[in-house]
Every structure is written in structure tokens, then in C-alpha cells.
Amino acid sequence: MAHLRSRRRLALAVPVVLSLTASLGFLPTAASAASPRAETATRATDAPSLAYVVNTRTDRRTIASVEKAIAKADGTVVITYDRIGVIVVHSANPGFGAQIRKVRGVQSAGATRTTPLVAAGTTDDGAADYLTAAQAAKVEAASAASPASEPLEADQWDLRAIGADKAARINPGSKKVTVAVIDTGVDDTHPDLAPNFSAGQSANCVGGVADTSAGAWRPYTADDYHGTHVAGEIAAARNGIGVAGVAPGVKVSSIKVSDPHNGLFYPESVVCAFVFAADRGVEITNNSYYVDPWLYNCMDDPDQKAIVDAVNRAQLYAQKKGTLHLASAGNSNHDLDSDAIVDDTSPDDSTPVERTIDPHECFDVPTQLPGIVTVSATGVQNLKSYYSSYGKGVVDVAAPGGDRLYQIPDTPSKNGRILSTMPNNQYAFLQGTSMASPHAAGVAALLKSEHPFAGPAQLQALLKAQADNPGCPESYDQDGDGVQDATCAGPKRVNGFYGSGIVNALRAVK
């Protein structure tokens, strides 16, 4: 599976944003619009090839000159996003990266993977626990006691934890607001998702070029369920079927970015997704993944630096066009404001090599990019989930992501994870910061519904202002062995476990 945010993920603190911006002084701060020049799209036919991102100035003369140099270096242009200066290239030339970096006008360039292309990452924690017919009947009986509830809502402790059940009676969200799920695809035929699905804002961005043909945005197989689960958490309709989303009145779209062969989320696909979302008028994106193949992209490596540059240009472009991005903090229980973190998972498309990185110099993308809201996970007791990464000045807000070990709800199924939609009209429990981010995205969608003219920065400020912060716990010894399992730093108002606090849907609509 790709690196979904039920997978491990880093967040961005204010100091990190500043250092990142400084490190990338060449990044377009006013991310100019990106119009993909699809007429340049051609696929390399000679194997083995690698994919590259080549980042340039945005004037046409420079781009044309660089494209000629790409051809001279045995590269084939897949697509050029000229207004952000990102060119996706395939090349079988092993020296392509080093050669193209010397070209005038090229600001950074590097390979987006460590293994050759073949013909043709998320953050949930653990396998899906599908709801059985017997369990469903039990939940439906309990839900029937509350006439306003959806049939399976008695198991949705997460909605009640942030007041989303009450918020829906006041304002379920506006149909003019769309949250794009950048993920493994969404099964829009699911009866809980079909009423709120926006096909016109959906695509398959795998490879870097948006395919908007009907159904291209759907998951490859039922095993690619991550995006469908996330979509239900955001906007499952209150239609008398199954579950409800945090913002059951808003639209949800699908931008698929997972590779069909290994499930990974490569940079060129994510660049395409951000640009597509912006150009299709999406107000909010949910990013429950990290960009493969590096868990952390270090600025002293030319390939990793180019990845940070390319994805940052795309997400800044979307922000400039009014899109707010939310991303999961990761499931490693790492302190993202620490001096050093051991990464033994990268690169994940070949053979990982253990390395120790400084999270202030090596960035989880897109989570640690400027302006992106980083979300940690909580359980039913409003305590940080045991797996959730954290960090003072890194985490912006927290939201329910589930905790199957230490925070068990008094619900019919007694399941501490998050119940949501799955492909083929099914429902299942999952946990992870992958599940926390869409809860926060749903609340952001409610805020956008209430404040339609609020831009990304204003929405982020509102999201933080309405959050409830429980403050750092006196002890965080979850397994009772006498050793603290994580250390929460900071005062109650803003701290490492919860950022500005746990999002609150009821406050958002009031």
C-alpha cells in the first residue's frame, strides 16, 4: 500500500516553515497559475527509465530553452506546468539529473523514484475491520433510539466527540464547498457518497497528467479502500443509509494519485493533484499520505530537494487560488520538533537505508510545507492516540483518528477506531492520523460554508480559534510500564500533542 496517513507522517511548525522558506528561496512565493501544456505530453518508451521533476523559472523563453536541453539530455517531457515552472520528465539516461541541473534556468531537478518505471504512500494504522451483518444489526438497533441518527451512527463516537452530530442540525455544510480527497481513489457509487460526489472536480493524476474520463478517479480494487474511507468521514450523506460525515452537506471529490503497481504516491502525481484541485475550484484538500519514496526529503540531496520544490510550487499555487490543504501528522509517535529522528523506511520503492535526520532540515511532504494544516490524532477520551506523531510548533490541530488499545468507547461495537465507508457498499473501522485529517477537513468545510469569502489563511485561523485544547496530560504512560510514552511540551493554549486544540464542528457552525 502507498504511504497513507495512517502511515507515518511529519508536520510543520512555524519555525520549520520559516526555515523551509529560507532554504527554498527560489520557490515562487506567489505561485503563479499552472496551466499544464498537455500537448507536450509523451511517454518514454525505452526502459529502464526514471521519472524526474525539473523546476525552472516560469517565463516561456526559459521553459522552452530547458525543454530543448531535456531532449538533448535524452529526456522526454511528460507534461509541463508552465505557470509554476515544473516539468515532469522520463529519461533512461543515468546521468540525466546531473546533466540537467547544469542547464541555465534550471533551479532544481531530481529523480522522483529510485527504481525504474514499469509498464503501465498512506497513513492508516493496521488492517481494516469490516462491520459484519450481525454487528450492523446491533448498531442499527442502538441508533434507532435517536431518530435523527443514521443507521450506524451509534458507533460513530468521533462525531459526538467534536459535536458534528449537533452541528449537522444547524448547518450540514454548503453544496458550494468541495473537499478533494487526494488519495487512492473514491468509490463514488457508494450510496453514502453518491449524493455528495463531484465528478467534475475528480480525476486520476497518476503519472502527472490528469485523466478526467468517467470513473478514472475510482480505486483500482476493493483493497485500495483508503480514499473511500476518508471521503465518508468528510461528507457521507445524512440520507438514512449507513454513516454520516462531519460535513454531510458539502461536496467531496476524488483525485487519485496512487501508482497501480505498488500503491505509492509519487511527486509528479501529487503536483498534478494540487494543480488540478486549484484549477477546478476546490476549496479544501485532504492529504492523508506522504509523498514517496522518501519519508523525509533532505535539502542537501539534489533529488529530494527537487521533490520538495516541485510539490511546494504546486501546493502554493493552489493556496493562492484559494485552496486550504490539510494533512496527517503520521503514525510513528515521533516528536517532530526533536533534534533527530531515525528513518529506516526510505526509500520505500527499493531498499531502505537507515539514516538519522533533523526534521527541521528534512521535510515530510506535503505535511511540512508552508501553509498546510498538520493534524494529530485523538481517541474517545480526547487524549493523543498512542501512534500519533506530535511536536510543539509542528501540529496545528488535533482530531479523532481512533485508538484501539487504550481508548475504548461505550458504543455497540466497543471499537475505538473510526467507522466509515468502504468500496462495494461496505463499512469498516480504521485508525490513524489518516482518519484525523479528514475530520479536521470536514470542520474546515463547515467553516468555509459559514464564511464563504474566507481564504486559506483565514480558514486556518478560524479552525484553530474554535478548537478545544485539553492541555498536556499529567502523565502519558499508556501501557502502564512506568515509562512516559511521549512528552507533551507547551502550555494549554498551544502544545505539542494538540496544537491549538481538538477541532469542534459545533463551534464552527455557531
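# Exercises on a predicted model

A search of the whole structure, which is a predicted model, finds 12 salt bridges. The exercises below treat some of these pairs, then the annotated positions, a helix pair and one strand residue.

## Exercise 1: A pair of charged side chains

Determine which residue forms a salt bridge with R113, and state whether the two residues are buried or exposed.

*Solution.* Step 1: Side chains of opposite charge can pair when their charged atoms come close. Step 2: The side chain of R113 meets that of E268 in a salt bridge, with an N to O distance of 2.2 Å. This value lies within the 4 Å cut-off for a salt bridge. Step 3: R113 and E268 are both buried.

## Exercise 2: Salt bridges between distant parts of the chain

For the salt bridges D129 with R417 and R218 with D188, state where each residue lies and classify its accessibility.

*Solution.* Step 1: The side chains of D129 and R417 form a salt bridge of 3.3 Å, N to O. This pair links distant parts of the chain, 288 residues apart: D129 belongs to strand β8 (residues 129-130), whereas R417 belongs to the loop between β19 (397-400) and β20 (418-422).

Step 2: Buried means under 20% relative accessible area, and exposed means over 50%. D129 has 27% relative accessibility and therefore counts as partly exposed. R417 has 10% and therefore counts as buried.

Step 3: In the salt bridge between R218 and D188, the closest N and O atoms are 2.6 Å apart. Here too, distant parts of the chain are linked: R218 is in the loop between β10 (203-204) and α7 (226-235), and D188 is in the loop between β9 and β10, 30 residues apart.

Step 4: By its 32% relative accessibility, R218 counts as partly exposed. D188, at 12%, counts as buried.

## Exercise 3: The annotated active site

Identify the residues that UniProt lists for "active site", and describe how their side chains are connected.

*Solution.* Step 1: The unreviewed UniProt entry lists D183, H226 and S434. These residues are spread over 252 residues of sequence, yet they cluster in space, the largest C-alpha distance being 10.3 Å.

Step 2: D183 lies in strand β9 (residues 178-183), and S434 lies in helix α10 (residues 433-450).

Step 3: D183 has 0% relative accessibility, so it counts as buried. S434 also has 0% relative accessibility, so S434 counts as buried.

Step 4: The side chain of H226 makes a polar contact of 2.8 Å with the side chain of D183. The side chain of H226 also makes a polar contact of 2.8 Å with the side chain of S434.

## Exercise 4: Two helices

Describe how α7 and α10 are arranged, and list the residues through which they meet.

*Solution.* Step 1: Two packed helices are described by the angle between their axes and the distance between the axes. Step 2: The axes of α7 and α10 come within 8 Å and cross at roughly 35°. The crossing of α7 past α10 is right-handed. Step 3: From α7, the residues H226, H229, V230, E233 and I234 take part. They meet S434, M435, P438, H439, A441 and G442 in α10.

## Exercise 5: A strand residue

Locate N297, classify its accessibility and name its contacts.

*Solution.* Step 1: N297 is in strand β13 (residues 297-298). Step 2: Its relative accessible area is 1%, so N297 is buried. Step 3: Leaving aside residues up to four places away in sequence, N297 touches Q304, I307, V308, E361, C362, F363 and V365.

Note on methods:
Residues numbered from 1 in each chain as written. Predicted model: local features only at pLDDT ≥ 70, side-chain atom pairs only at ≥ 80, totals over all residues. Heavy atoms only, no water. UniProt positions renumbered as here; feature names shortened; annotations may be inferred. Helix = DSSP H or I, 4+ residues; strand = E, 2+ residues; numbered from the N terminus. Buried < 20%, exposed > 50% of the residue type's maximum accessible area, 1.4 Å probe, protein only. Polar contact = N/O pair within 3.5 Å; in protein donor to acceptor, adjacent residues only side chain to side chain. Axes fitted to C-alpha atoms, helices over the stretch in contact; angles between N-to-C directions. Left-handed = near helix turned anticlockwise from the far one by under 90°. Contact = heavy atoms within 4.5 Å.
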